[in-house]
Amino acid sequence: IVESLLSRIDAVEPKVGAFLHVEREKSIAAAKAYDAKKGPQGLLGGIPVGIKDNISVKGMQNTCASKFLEGYVAPYDATVVEKIQNEGAIILGKLNMDEFAMGSSTENSAFKITRNPHDLERVPGGSSGGSAAAVAAQEVPLSLGTDTGGSVRQPASFCGIVGLKPTYGNISRYGVTAFGSTLDQVGPMARDVKDLALLTSVITGKDSRDFTTNPLETPGYHTHLSKDLRGKKVAIAREFLGEGLQEGVRKNLMEVIAVLKEQGATVDIIDLKLSDYSLAAYYIISSAEASSNLARFDGVRYGKRADEVKDILDLYSRSRSEGFGPEVKRRIMLGTYVLSAGYYDAYYAKALKVRKLIQDEYRAIFSQYEAIISPTTPTPAFKVGENTEDILAMYLNDVYTVPVNIAGIPAVSIPSGKLGNLPLGLQIMGKHFDEQGILNFAYAVE
Ligand code: GLN
């Protein structure tokens, strides 16, 4: 399997460009070691997996698609990597992304552009664009991405695959380069819901090295999948049907509603009045946290160091000026601004209050409904270059995915038909730690 996928990678990579580093020798050696082992084979025995380049794999580069970390090799495995390897998975390499996971198209990578396998003139989405494109192009059956505001679900939707943003605290972030620590989660990606549930079962669970992980028992989602939608109460938010939603995408959602009703679910339109504030709160909170998290890239500890510096300040500022790309700089400046004296209360503290109100609003809906559904994105994949000048248009891609991270709830994106040749995605949101509920729902409507 590994050899045939390596040939597949050779054939499609010149067009798609999903990988930053293909680990040919290492993956063949791992496959041989796996073959030689006659013992228990594990839940992912011999299955090739691709890993986003902000998740540490010991001995492989972890560049976060940034010049800052070019050549930096991770000295240890992330917990999720340890977990999949313990179950027999074989890592084929590291996947392209927006620099430090900031973006919605993978165009912010410092190294290359990844293209959507369904239409090579279009983006695969982002920031986990490489992870989605590699699965869609059949280079790997499974991959891992990260989702701070939609970075697993939006590219899954653009590339016609499935992707999950788990409940905040369900999956360890140990060994994952931090972006927005109160929002970040690792997210599994696959071609169908059954595979997705299996990978989720493997990587979920408490980790003493990440204190935000919850102590609940891992239930084995893949062994509890069921398809019954009868009597399920489903909500659709009026606010997700408004301005910006492309007509073909709206029509697709209406067809989904008809199917759900046919299968015995009830569907109500409800209000999530605070949704309009999610995006603003997200860009304040995530940028504030990013400005703090990225302070570790100082030219001393990791990666890039500017040459012939005058003094320590010159070292910091030149290393950071040369190492970071424009979007990362934008976020650091925005984050530093909203955290600074005099502005902290007006922006950052206020955004935290808005987040609490949004969480309460979702909680109230989930006391009455089992799932909220929406399109994953307002439009299908856009063209390479189409949104690079208009930063706000790029940010607006995340309007339906960002509230999920703000609320800390789980959500899955599954393929929902096509508009022309471009895949559309359906987002299914559930209450905290109800991964099983949304996976079952996804399994039923897939
Ligand atoms: N597109 C969003 C951003 O640029 C989300 C990124 C993510 O989820 N990592 O911040």
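**Exercise 1. Charges over rings**

Find the ring that Lys 227 lies over, and do likewise for Lys 233.

*Solution.* Step 1: start at Lys 227, which sits over the face of Tyr 443, 4.6 Å from the ring centre. Step 2: move on to Lys 233, which lies over the face of Tyr 369 at 5.2 Å from the ring centre. Keep in mind that you're looking at a predicted model.

**Exercise 2. An aromatic pair**

Work out how the rings of Phe 158 and Phe 382 are arranged, and which parts of the chain they tie together.

*Solution.* Step 1: know what to look for. A pair of aromatic rings is described by two things, the distance of the centres and the angle of the planes. Step 2: count the pairs; the structure holds 16 aromatic pairs. Step 3: pick out Phe 158 and Phe 382, whose ring centres are 5.7 Å apart and whose planes meet at 90°, so you call this pair edge-to-face. The cut-off you need here is an angle over 60 degrees.

Step 4: place the two residues. Phe 158 belongs to helix 5 (residues 153-159), while Phe 382 is in the loop between strand 9 (371-375) and helix 12 (391-395), so the pair ties together parts that are 224 residues apart in sequence. Step 5: check how covered they are. Phe 158 has a relative accessible area of 0%, so it is buried. Phe 382 comes out at 4%, so it is buried too.

Step 6: look for a group of linked rings. Ring pairs join Phe 68, Tyr 72, Phe 100, Phe 297, Tyr 302 and Phe 324 into a cluster.

**Exercise 3. Around the ligand**

Say how many residues surround the ligand, and which polar atoms of Ser 104, Gly 150 and Arg 331 lie by its atoms.

*Solution.* Step 1: the ligand is surrounded by 15 residues, and the closest are Thr 148, Gly 149, Ser 151, Tyr 282 and Arg 331. Step 2: take the side chains. In Ser 104, a side-chain N or O atom is 2.9 Å from a nitrogen atom of the ligand. In Arg 331, a side-chain N or O atom is 2.7 Å from an oxygen atom of the ligand. Step 3: take the backbone. Gly 150 has a backbone N or O atom 3.3 Å from a ligand oxygen. Step 4: ask how much of the ligand is covered. Alone, the ligand would expose 290 Å², and the protein buries 100% of that.

**Exercise 4. Buried or partly exposed?**

Decide whether Thr 377, Val 22 and Arg 330 are buried or partly exposed, then list what each touches beyond its neighbours in sequence.

*Solution.* Step 1: get the cut-off straight: buried means under 20% relative accessible area, and exposed means over 50%.

Step 2: Thr 377 lies in the loop between strand 9 and helix 12. Its relative accessibility is 4%, so Thr 377 counts as buried. The side chain of Thr 377 reaches the backbone oxygen of Thr 379 at 2.8 Å. Leaving out neighbours within four places in sequence, Thr 377 contacts Gln 154, Ser 157, Phe 158, Val 249, Asn 397 and Tyr 400.

Step 3: Val 22 is in strand 1 (residues 19-22). At 30%, Val 22 is partly exposed. Not counting residues up to four places away, Val 22 touches Leu 6, Ile 9, Leu 92 and Gly 93.

Step 4: Arg 330 is in helix 10 (residues 326-339). With 32%, Arg 330 is partly exposed. Setting aside neighbours within four places in sequence, Arg 330 is in contact with Ile 391 and Tyr 395.

How values were computed:
Residues numbered from 1 in each chain as written. Predicted model: local features only at pLDDT ≥ 70, side-chain atom pairs only at ≥ 80, totals over all residues. Heavy atoms only, no water. Phe/Tyr/Trp six-rings, centres within 6.5 Å; stacked < 30°, edge-to-face > 60°. Helix = DSSP H or I, 4+ residues; strand = E, 2+ residues; numbered from the N terminus. Buried < 20%, exposed > 50% of the residue type's maximum accessible area, 1.4 Å probe, protein only. Lys NZ or Arg CZ within 6 Å of the ring centre and 35° of its normal. Near = heavy atom within 4 Å. Polar contact = N/O pair within 3.5 Å; in protein donor to acceptor, adjacent residues only side chain to side chain. Areas by Shrake-Rupley, 256 points an atom, 1.4 Å probe, with all protein chains shown as cover. Contact = heavy atoms within 4.5 Å.
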